[in-house]
Amino acid sequence: MSNKGTPSILVIRSGRHQGRLLTLPEGDVLVGRDEECRIRLGSSDVSRRHCRLRATADGVVVEDLGSRNGTHVNDVRIERPTTLEPGDVVRIGPLVFEVPKGDGTSEDDIAGWLSGVEDTTSPSDTTILPPHKRQDVPPPSRDRFESVAEEAEDIIRRHHEMKRRQDGGK
């Protein structure tokens, strides 16, 4: 099955970002505790460089990087790079992603995401960095977005930039 021309999207099924959509940029996205990881988890169940997610023409490929506790697809520890199929569930320590069926969006996901309601019961131990860190380009105006997903990605990017400025650029 080829997803050529469509973005690689995962639905976050755990933690404070539960229910939100994550569009993977081209290239590798490292997941782990290390500072160089694009998705950072503050859990001791996650290795410094736990796994890699890669958006390809055939879908999302997940590869464990020799982590202590493993990367699981549909509750099975993977030993080699695995191309995910719609409906597959990926577990990385306490973080759970699901590959959506169809285009990955539902009105409930979009409404909840745009409302800005946070799950305050989960610890804030997950950081998802935006795909681009260009601060020299002002955020586009609302009428420039071609989809709700683009607008949502922009909201996340601006939120993380604001948090970094508040934390002194860390």
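Ser67 is buried, at a relative accessible area of 5% (buried means under 20% relative accessible area, exposed over 50%, and partly exposed in between, with a 1.4 Å probe and protein chains only). Before going further with Ser67, a word on the model: it is predicted, local features need pLDDT of at least 70, side-chain atom pairs count only at pLDDT 80 or more, and totals for chains, interfaces and linings use all residues. Residues are numbered from 1 along each chain as its sequence is written, and side-chain values use heavy atoms, with hydrogens and water left out.

**Around Ser67**

Ser67 sits in the loop between β6 and β7. Helices (H or I, at least four residues) and strands (E, at least two) are DSSP runs, numbered from the N terminus. The side chain of Ser67 has two polar contacts to look at: one with the side chain of Asp64 at 2.5 Å, and one with the side chain of His50 at 3.3 Å. A polar contact here is a pair of N or O atoms within 3.5 Å; within protein, one must be able to donate a hydrogen and the other to accept it, and residues adjacent in sequence count only if both atoms are side-chain atoms. Setting aside neighbours within four places in sequence, Ser67 is in contact with Ser47, His50 and Arg77, where contact means heavy atoms within 4.5 Å.

**The nonpolar core**

In soluble globular proteins, nonpolar side chains tend to be buried together. The largest nonpolar core in this model has 21 residues, and Leu10, Ile39, Leu53, Val62, Leu84 and Phe97 are those with the most contacts inside it. Such a core is a set of buried Ala, Val, Leu, Ile, Met, Phe, Trp, Tyr and Cys residues joined through side-chain atoms within 4.5 Å. Among the elements giving two or more residues to this core are β1 (8-12), β3 (27-32), β5 (51-56), β6 (59-64) and β11 (95-98).

Leu10 lies in strand β1 and is buried, with a relative accessible area of 1%. Beyond its neighbours within four places in sequence, Leu10 is in contact with residues including Leu22, Leu24, Leu53, Val60, Leu84 and Phe97. Leu10 and Val60 are 50 residues apart in sequence, yet their C-alpha atoms are 8.7 Å apart in space. Leu53 has its own list of contacts outside that four-place window, including Leu10, Val31, Ile39, Val62 and Phe97.

**Strands and how they pair**

Strands of a sheet pair through backbone hydrogen bonds, either parallel or antiparallel. Two strands count as paired if DSSP finds at least two bridges between them. Here are three antiparallel pairs:

| Strand pair | Bridges | One facing pair of residues |
|---|---|---|
| β3 and β5 | five | Val31 and Cys51 |
| β5 and β6 | six | Arg52 and Glu63 |
| β10 and β11 | four | Val89 and Glu98 |

A hairpin of two residues connects β5 to β6. Elsewhere, six strands make an open sheet in the order β2-β1-β11-β10-β7-β8, with antiparallel pairing. β2 and β8 are the edge strands; each has a single partner strand, so one side of each is left without a neighbour in the sheet.

**Cysteines**

How many disulfides turn up in a search of the whole structure? Zero, taking a disulfide as a pair of cysteine sulfur atoms within 2.5 Å. The closest cysteine sulfur to that of Cys37 is in Cys51, 8.7 Å away, which is too far for a bond. Cys37 counts as buried at 0% relative accessibility, and Cys51 is also buried at 0%.

**The β7-β8 loop**

Two residues with positive phi turn up here, and neither is a glycine. Asn74, in the loop between β7 (71-73) and β8 (76-77), has a phi near 55° and is partly exposed at 39% relative accessibility. Asp75 lies in the loop between β7 and β8 too, with a positive phi of about 65°, and counts as exposed at 67% relative accessibility.

**Helix α2**

Helix α2 covers residues 148-166; at 1.5 Å a residue its 19 residues should span 27 Å, and the end C-alpha atoms are indeed 27 Å apart. The expected span is 1.5 Å times one less than the number of residues. An α-helix has 3.6 residues a turn, so residues three or four places apart point the same way. Which residues of α2 are buried? They are Glu151, Ala152, Asp154, Arg157, His160, Glu161 and Arg164. Just after α2, Gly168 takes a positive phi of about 80°.
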